[in-house]
Amino acid sequence: MPGGDIVRIGHLKTVEAFQNRLEALGLALPCDRHILTASDSPLAQPFPFSPASIGNRFAIHPMEGWDGLTDGNPSKYTRRRWRRFGLSGAKLIWGGEAIAVRPEARANPNQLYAAEHTRRGLAELLEVLRAAHRQHVGGTDDLVVGLQLTHSGRFCRPTLRNGMEPRILYRHPILDARFGVDPNHPVMSDAEIRSVIDDYVRAARMAADLGYQFVDIKHCHGYLGHEFLSAVTREGPYGGTLENRTRFLREVVHGIRAVAPDLRIGVRLSAFDFVPFRPDPIPSDGRVKGAGVPEDFDHCLPYTFGFGANPKNPVVPDLAEPYQFLDLLERLDIRLVNLSAGSPYYNPHIQRPAYYPPSDGYLPPEDPLIGVARQIDVVRRIKARHPGLIVVGTGYSYLQEFLPHVAQALVRDKQVDFVGLGRMVLSYPQLPLDVLRKGEVNTRAICRTFSDCTTAPRNGMISGCFPLDKHYKKTPEAKRLREIKKADRS
């Protein structure tokens, strides 16, 4: 359990108490006292998106569910998640799923991937989502659905039998040792990179053929697209200068525009990164697991291995290069941008702030509200500098019952265009509808960031909300998960 002076959100019973907690932490986070409904709500306002509009300001983030079939097709669990995305009321479905562009690019053996034999399955997901939306919400003319395309890079794990099968772009002085990358393991060749680019183009053409309105070229969370952005030490046309490090994106975009000119393109970006963290080896207060501490980075200063990290002090964001990257997106006529941070593999507290860590994580080194506010502030700064971008924010789940109060203020003040929801919709997909129609939330369904949806897949199981979703409570995995967590505490 986290200790120190962290106050759990659930202990704050009123908006005033929440605002007082923000003040005590010195956080300038906007928060409306009352939730507005219907046309009065900033969250209900449509956003222009030619040829029509996006119906409200809620978005659903792409997820990697560990619940597909091993042949890359969706399972009943996958279809259930997408059905719940549809009934959520959110009008922007950002990617829905992290779809690998080739089978060996998967981060887990049950991740979906794009291939001719999965075409029908990917089409069914879109059909299931739209049908649920029509049934529970209304028309789909203002519903926009995309597909996230990804290659897992150094975190490839396409089979359980072989463990990690990394494809790396350069030698990382900390991550190579952390994840057991052999010193003789080859880096990806330029020819292999060009082959992967072809895979992205083929997958995007399939998405367009199936009726998806955009694809996301994933550049976040330590996966391949993200690693390109920090490949300063790589030689050749895909490393070194920022011009070279963005060549992968430019060539993917050029290829997609040649085969699917009407398909929109978006980018989910880790706007900043930190050096990897690890549990403190000497936990205090009798705790089993230590709070997160940064790995020793003195031997690799200036730290050039974190895109958006200060090279002299890589636990502080530096947006100089991210701003240049976003300038490039505008030149490429890419307006859809979904902003995240860091990686769930090596610094999850900045990526998805939580009170309870996953089994392979560490206790929060700071009040998770600080992590939420850090992401919101970075998004605010980016939106102010790039007002023409359509910006989706991330990291709101830890706000829990105060999420709509903060979200409403952020959208009204034009600090963000869309409020993105990830793990929150695993436990509570109806949150957008309840906020927009009732002006309230169901506190019994709210995600409390127990991190079971991460602990389960880390241990080879499907990802879902085991504490709050009755469907997952009944599964054999729920019992196994309880045993794993009990062992972790002993």
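The chat below goes through the helix pairs, open and closed spaces and unusual backbone spots of one predicted model.

Me: What kind of model is this, and how are residues numbered?
Reply: This is a predicted model, in which local features need pLDDT of at least 70 and side-chain atom pairs count only at pLDDT 80 or more, while totals for chains, interfaces and linings use all residues. Residues are numbered from 1 along each chain as its sequence is written, and side-chain values use heavy atoms, with hydrogens and water left out.

Me: Let's start with helices. At what angle do H2 and H3 pack?
Reply: Helix H2 (residues 76-87) and helix H3 (residues 119-136) pack at about 35°, and their axes are 7 Å apart. Helices here are DSSP runs of H or I with at least four residues, strands are runs of E with at least two, and both are numbered from the N terminus. The axes are lines fitted to C-alpha atoms, for helices over the stretch in contact, and angles run from 0 to 180 degrees between N-to-C directions.

Me: Is that crossing left-handed or right-handed?
Reply: The crossing of H2 and H3 is right-handed, a term used if the near helix is turned clockwise from the far one, whereas an anticlockwise turn by less than a right angle is left-handed.

Me: Which residues meet there?
Reply: On the H2 side they include Trp 82, Phe 85 and Leu 87, and on the H3 side they include Leu 125, Val 128 and His 136, where contact means heavy atoms within 4.5 Å. By class, this contact of H2 with H3 has eight nonpolar, four polar and three charged residues. Ala, Val, Leu, Ile, Met, Phe, Trp, Tyr, Cys and Pro count as nonpolar, Asp, Glu, Lys and Arg as charged, and the others, Gly among them, as polar.

Me: And how do H5 and H8 cross?
Reply: The axes of helix H5 (residues 190-210) and helix H8 (residues 247-259) come within 9 Å and cross at roughly 40°, which makes H5 oblique to H8. Angles under 35 degrees count as roughly parallel, over 145 as roughly antiparallel, 65 to 115 as roughly perpendicular and the rest as oblique. The crossing of H5 and H8 is right-handed, and among the residues in contact are Ile 193, Val 196 and Tyr 200 of H5 with Phe 248, Val 252 and Ile 256 of H8. That contact of H5 with H8 divides into ten nonpolar, one polar and two charged residues.

Me: What about H9 and H11, which residues meet?
Reply: Tyr 323, Leu 326 and Asp 327 in H9 meet Arg 381, Ile 382 and Arg 385 in H11, and by class this contact has three nonpolar, no polar and three charged residues. The axes of helix H9 (residues 320-331) and helix H11 (residues 368-385) come within 11 Å and cross at roughly 45°, and H9 and H11 are therefore oblique to each other.

Me: Changing topic, what is the volume of the largest pocket?
Reply: Its volume is about 1100 Å³. On a 1 Å grid over the protein atoms alone, a pocket is an open set of points with protein on both sides within 12 Å along at least five of seven lines, a cavity is a set where a 1.4 Å probe fits but cannot get out, and lining residues have an atom within 4 Å of a point. Grid points are joined across faces, edges and corners, and a volume is the space filled by probe spheres set on the points.

Me: Which residues lie nearest the centre of that pocket?
Reply: Of the 46 residues lining the largest pocket, Tyr 223, Pro 344, Arg 352, Thr 454 and Arg 458 lie nearest its centre. The largest share of the lining, four residues, comes from H15.

Me: How many cavities are there?
Reply: The count comes to six cavities of 30 Å³ or more. The largest cavity has a volume of about 150 Å³, and among the residues closest to its centre are Pro 348 and Arg 352. The second largest cavity holds about 100 Å³ of space.

Me: Last thing, where are the cis peptide bonds?
Reply: One joins Ser 50 and Pro 51, with omega about 15°, and another joins Leu 301 and Pro 302, with omega about -5°. Pro 51 is in the loop between strand S1 (47-49) and strand S2 (52-54), while Pro 302 lies in the loop between strand S10 (292-294) and H9.
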